[in-house]
Amino acid sequence: MAIGLYACKKTVHLNLDNAAPQIVIQGEVTDDTTGSYTVRIFRTVSFYAENSFPAVSGASIRISDNEGHVDSLMETTPGVYVTQSLKGKAGNTYTLSVLAQDTLYTAVSTMPQPVKLDSLTFNHRTGFGKNTIYAVPNFQDPAGIANYYQFVEYLNGVLLNKDIFVFDDRLSDGRYITRSLRNDSAYLKSGDWLEVKMYCIDEPVFDYFNELDQSSSGGTFNTTASPTNPISNISNGALGYFSAHTIRSVKAQVY
Amino acid sequence: MIGASVVFLETPNVSAISNSYGFYSISAIPGSYTMIVSFAGYANDTVAVYLQRDTSISITLENVAKQMQEAIVTAGRNNNVTKPLMGVQKLSINEIKDLPVLFGEKDILKTLQLLPGVQSAGDGNSGFFVRGGNTDQNLILLDEATVYNPSHLLGFFSTFNSDAIKDVTLYKGATPAEYGGRLSSVLDVKMNDGNNKEYHASGGIGLISSRLNIEGPIEKDKSSFNVSARRTYADVFLKLSKDSNTNQNSLYFYDINAKANYRLGNKDRIYFSGYFGKDKLGFGNTFGIDYGNSTGTLRWNHIFSSRMFSNTSLIYSKYNYDIKINSGSNNIGITSFIKDLHFKEDLQYYANANNKINFGLDVISHTTSPGIISASSTSSFNPLTLQSKHAIESAAYISHDLTVSTKVSINYGLRAGSFMVMGPGNFYTYDKAGNVLDTTTYSSGKVVKSYFNLEPRFSMNYKLTSSSSVKLAYTRTTQNLHLLSNSTSANPTDVWIPSSNNVKPEIADQVSAGYYRNFKDNQYEFSSEVYYRSMQNQIDYKNGAQLIANENVESQIVFGKGRAYGWELFVKKKYGRFNGWISYTLSRTERQFTEINNGRYFPANQDRTHNLSVVGIYKINKKWTLSADFTYYSGNAVTWPSGKYEVNGQIAFLYTERNAYRMPSYNRLDVGATLQGKKTKKFDSNWNFSIYNLYGRENPYSITFEQDPDDPSKTRALQYALFRWVPSITYNFKF
């Protein structure tokens, strides 16, 4: 329960282990047929190192779908591989296979049917002298099916990457959803342009981001007692995820 | 009076101790005797008695101001040496009143954390761990009623108002057979009966809270009552704020303790005790939570004969919370409760000086309503009612206090318990992934599953000399109510679930052994105890476990084992102008689950290697008393990153093992001073000053990890500390 208590905080230097570098694979296929899809492969670094992650080059990557299309991805910049011809389609199941440094990693993801994002409104929360603005995506959750959503914000064209927003309709099936995206800090200012992209994701990808959020939650008073690496849908111990998802977006001016 | 000592001068080796209701029984061959009755802090009463047949004698002892120099020599002061029960700590209300605590609020739970084997759950937190157990493994009783959440304001205060309390006993090691239901400990708190001769009022006014206590006779010498109430007013300061959003916030709690008793003739006495408390936290209109416990106990003491005493109780206990959220068009309300109806019959048979038999029966009907969600039509959430759960927990017990010889006394017993999971409802089984395999529906009154457990209890005392002994004990305990809590701090919304077709009872076996020695005519008490406890069917959670509003919450749990062992050292100076104690615990508590750390034993979250408390109370003169307490403990086990990577432009942390790291250690010194005020026959007052955390150490409350906002190319660890210096002033009065 975050209760705005007065707490002193300071940076401390800890004696943290340096685990052996592990492979991190992030891949996605979307229903945006105008461009290509990307798979990124990097490695972990130690906690006190620079946030510069070594790329894994020269991997052999293929994405195939249940309709028989197979795409061999080409490396554009180190660690970044893009598809050549694959077109994402809702309802299809995609299989990722990565052969990197003699190890084969595979993952499967099914792209759900799209859900329309109606509009973007804004919610003001006031408390303790501060006025924080949150974005509110408005949409109708389809009744009778399990839906999983992910939201990504772009503020004035730049990705806002400080928070993870995933939502499932376990307690909200069939409702018209108007839940705010609660940022940890006040990023939105009146007059800014905000674009919110809503992804419909499958359950394993939802679980992945939900666990990632619980383990990295910066909230001091409600951190999970025992953070763990989120369960990835990629085999062989790779960190990261492979997500086949739809995208709908709305852009609005913050008020 | 509980624990008063009765002895015949002529047979000093035979003594009796009054029970929880003040009943005592002492036997001797017919003749003339001088009976001495004593209790710490009260003047001895000496009565000439002539025993020819069974006789009943009631004694009232008069309170005296604490003696400054001489120790009052009485029997019973070496009970810690002579009685077989071990791992028992008694807290004196007088001691509690002198110790400095956070916000100046005298608090038995905070004082308990200064004893060996008892660890605090953290700054401000009322939760405690006994011998490596979890916070839900302590049975907390207020006049026999279970208190499910003994904390106010998220743990900064406890639900125990010291004014209303008479006696506090903590059983850590050898729990008598009459108690059951939790694995680690029993905290038995008894309320004040009230003065049955005169009316008195007492209370205190402090910076954060105030309290008032009124007691007196209902019918002089026959009956009395005691009512205490208190309220915090931290939010009064919020209301003074000009900011219209701050002044609508609420943050307070209040509680009321009431007890009344009535003597119906010489053989019967009835009691009523009740507690009601409520916490309210709210942010204007957008969010509010209120929660609290309510308990009620109706008791009938009956004396069958001079040897047989009976206590019959009817007990009610309820803990509930209520949340209201009003955000944009999202309006939801959530309520949840756990409720007990409890019948208990306890009989004590004092066969002779060497034998006392205790037996009885205990039946509790538990009902939990895990959550009812109400939502408006524009809300993003569906209304939902989680199934209520019902269970009947019952036990029959018998125990025997036996003095085998002048050197050996033992207490052995058996508690036979059953836990029946009852319909109505749907009961599910799950596969490994947590999906429902099948559903069976049971109607009301049908038994879904029953568990039967035998809990032997044994403790033995071998007297080496008149002031030293060794003790040995073995106990088995079981627990059928489990608190699901996944976060670092205890939440008032944590869910209690009963054992079921999926969740088995937790079982613990503990052996303990110790050496006890009193010095200088029982002025000093020393003990050295070791224990080992093994636990079965311990609970932990799957990755990403969904505990909130989940009908299938039982699919989110994994089960494993635990073990805890340690060594407790305790030295106490009990009487005199200066008194206090030192307690030190060296311990380890571990868990083992197939799904975690590849099935290896790992330290539990609450594992802390060293735990040291030093307490001193010094009465300088008639006006001033100084007190201080110092606490040190090693950091508990935590899971920290061993690397990092990037996901979607965000830094994510790499974890390799659960609980492989340690928080930094904790230490804190509190000081207090009490200034005796005006004192007459009718009026007594004092001023109490205290500073919590005298040297303002930033004791780490939690450590989090994030991208450095000042240098995005790096990540940093951020440490949060809660309290630095917290001064407090309270004015106490009594008339």
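In this predicted model, 6 residues of domain 1 of chain A are in contact with 4 residues of domain 2 of chain A. Sorted by class, the domain 1 side of this meeting point has 1 nonpolar, 3 polar and 2 charged residues. Where do the two domains sit along the chain? Domain 1 covers residues 23-110, while domain 2 is written in two pieces, 117-230 and 246-253. Taken centre to centre over C-alpha atoms, domain 1 and domain 2 of chain A are 25 Å apart.

Next comes the meeting of the two chains. Chain A puts 60 residues into its contact with chain B, and chain B puts in 60 residues as well. On the chain A side, the elements that give two or more residues are a mix of strands and one helix: β1 (8-12), β2 (23-30), β10 (117-127), β13 (158-168), β16 (239-253) and α1 (203-216). Which of these gives the most? That turns out to be α1(A), with 6 residues. As for class, the side of chain A that touches chain B is made up of 24 nonpolar, 27 polar and 9 charged residues.

Strand pairing also crosses from one chain to the other. Strand β1(A) is joined by 5 bridges to β46(B), the strand at residues 715-721, and the two run antiparallel. To pick out one pair along this join, Thr11(A) has Leu718(B) as its bridge partner.

Now to chain B taken by itself. How many helices and strands does chain B have? The tally is 4 helices and 47 strands. The radius of gyration of chain B is 26 Å, and the globule rule gives 27 Å for 735 residues; the two values are close, so chain B is as compact as a globular protein of that length. The C-alpha trace of chain B spans about 90 × 60 × 50 Å along its principal axes. Of the 735 residues in chain B, 45% count as buried. Looking at contacts in chain B between residues at least 6 apart in sequence, 61% of them link residues at least 24 apart.

One of the sheets in chain B is open and has 5 strands, which follow the order β5-β12-β13-β8-β9 with mixed pairing. Why do β5(B) and β9(B) each have one side without a neighbour in the sheet? Both β5 (88-91) and β9 (145-146) of chain B stand at the edges with a single partner strand each, so one side of each strand is left open in this way. Within the sheet, β12(B), at residues 165-171, pairs with β13(B), at residues 185-191, through 6 bridges in the antiparallel sense. Along this pairing, Thr169(B) sits opposite Asp188(B) of β13(B).

Another strand of chain B worth following is β14(B), which takes up residues 200-206. With β15(B), at residues 209-219, β14(B) makes an antiparallel pairing of 6 bridges. The two strands form a hairpin, and 2 residues lie between them. In this pairing His200(B) faces Glu215(B) of β15(B). Strand β14(B) also pairs with β47(B), the strand at residues 726-734, again in the antiparallel sense, here over 5 bridges. On that join, Ile205(B) of β14(B) stands opposite Tyr731(B) in β47(B). The picture for β14(B), then, is of a strand with antiparallel pairings to β15(B) and to β47(B).

Methods
Residues are numbered from 1 along each chain as its sequence is written. Chains are lettered from A and ligands numbered from 1 in the order in which they are written. This is a predicted model: local features need pLDDT of at least 70, side-chain atom pairs count only at pLDDT 80 or more; totals for chains, interfaces and linings use all residues. Two residues are in contact if their C-beta atoms, placed from the backbone, lie within 7 Å. Ala, Val, Leu, Ile, Met, Phe, Trp, Tyr, Cys and Pro count as nonpolar, Asp, Glu, Lys and Arg as charged, and the others, Gly among them, as polar. Two strands pair if DSSP finds at least two bridges between them. Domain bounds come from an automatic or database domain assignment. The radius of gyration is taken over C-alpha atoms; the globule rule is 2.2 Å times the number of residues to the power 0.38. A residue is buried if 20 or more other C-beta atoms lie within 10 Å of its own, exposed if 12 or fewer, and partly exposed in between; C-beta atoms are placed from the backbone.
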